[in-house]
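Me: Got a minute to go through a structure with me? I'd like the backbone oddities and the strand layout.

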Amino acid sequence: MILTKYLKTFTTGFLFSVVSFSFAQENKTLEPLITDRPDATESPTALPKGFLQVETGAFYESFEENNIKTEDFTYNTMLVRYGLLNNLELRLGYNYTNSKVKFNGSEIASTNSFSPLLLGFKTTITQENGWMPEIGFLGHLNLPFSVKKELRPENTGVDFRFSFAHTLSEKSSLSYNLGAAWENDNPEAAYVYTIAYGYSLTNKLGAYVELYGDFPENNKANHLWDAGFTYLVSNNFQLDANVGSSITNGQDI
C-alpha cells in the first residue's frame, strides 16, 4: 500500500492540538491563522512574508489482518512553516512514532523512530476571483539521511500537489488537491486526491468532512474518509480533533 505522509490513514484515529505562533512584521496585522491540518487537504494559502507558524499534534492508527495487529502512536506531528516571500513559504516537518506489532494480542515487536525529515515549499499561484478558485502549489522531499542508519531508506521520497479552494458562502467552503507522490524506496508513483467540505458553526468553531486517497500505478486504489472540528482560541492559536477510517478493504475502523 502506498500512502504519503499527508495521506496517513487515521484508522481508529484521533488527532488533536494545533499550536501556531505568528510574528507580524511592522505594519502587518495578524489575521486568523489558516492551517494545513487536521485534514489531508492542503490549503492553497501561503503564509505572509515574515510569519512563522507551528502545527503539531498526535494521532493513533491501527490495522489488523490474519491475527496480526499493527499500531502506530505518533506523539509529534510537527510542521514548521515560514513566509519567505508574500506568496512563498518554506516548510519543515517530521513525525516521531512508536510502532507495535501484536499477534493474537501479544506484542512481538516494537520500534521508536523519527520519520525522514520533510523539506518543502508552498506558493500561491492565483487568488480566488468569482468562479475561479484560489490555487496553490506544494512540493516536498523526504530526506533519508535524517533517519538513523538501521531504519534509513535508500532513496529520497518526493511529492507534489496543486491545491484549490472555493468560497461557497459566508459559512462554507470547498477545497481539493490533486498531485502525485513517490515514497522512499518505492519507484511506483501514487496519484493523490483529496476533497473537503468545511462549515463555520460559529466565528470560532468549524467542522469539516473529507474524502481522500491515492491511485498507485501497480496496486489497487486506496480511499479513505475523515471528519473533524477546529476551534480558534485566538488569531494565532487553534485546536483541532479528527477521526476517520478507510473505505476500501484492509484497514480498521
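Reply: Here are the backbone points, followed by the strand pairing. Keep in mind that this is a predicted model.

Me: Start with the peptide bonds. Which one is cis?

Reply: The bond from R37 to P38. Its omega is near 10°.

Me: And where is P38 found?

Reply: In a loop. That loop runs between β1 (15-19) and β2 (52-55).

Me: Switching to phi. What is the phi of N66?

Reply: Near 55°. That is a positive value, and N66 is not a glycine.

Me: Where does N66 lie?

Reply: In the loop between β3 (59-65) and β4 (68-85). β3 and β4 form a hairpin with 2 residues between the strands. N66 takes its positive phi in that hairpin.

Me: Is N66 buried or exposed?

Reply: Exposed. Its relative accessible area is 64%. The cut-off for exposed is over 50%, so N66 qualifies.

Me: What about N104, what's its phi?

Reply: Positive, about 55°. N104 is not a glycine either. N104 sits in the loop between β5 (88-103) and β6 (106-114).

Me: Buried or exposed, that N104?

Reply: Exposed. Its relative accessibility is 53%, and exposed means over 50%, so N104 makes the cut.

Me: OK, strands now. How many bridges join β2 to β4?

Reply: There are 4. The two strands run antiparallel. As a landmark, E55 stands opposite L79 in β4.

Me: And how many join β3 to β4?

Reply: For that pair, 7 bridges. β3 and β4 are antiparallel too. Look for E65, which stands opposite I68 in β4.

Me: So β4 comes up again. How does β4 pair with β5, parallel or antiparallel?

Reply: Antiparallel, over 16 bridges. To find your way along that pair, use N76, whose bridge partner in β5 is Y96.

Me: What joins β4 to β5?

Reply: A hairpin, through 2 residues.

Me: Give me a quick recap of β4 for my notes.

Reply: Sure. β4 pairs with β2 through 4 bridges. β4 pairs with β3 through 7. With β5, β4 has 16. On the backbone side, note the cis bond from R37 to P38. Then add the positive phi of N66 and that of N104.

Conventions: Residues are numbered from 1 along each chain as its sequence is written. This is a predicted model: local features need pLDDT of at least 70, side-chain atom pairs count only at pLDDT 80 or more; totals for chains, interfaces and linings use all residues. Side-chain values use heavy atoms; hydrogens and water are left out. Buried means under 20% relative accessible area, exposed over 50%, partly exposed in between (1.4 Å probe, protein chains only). Two strands pair if DSSP finds at least two bridges between them.
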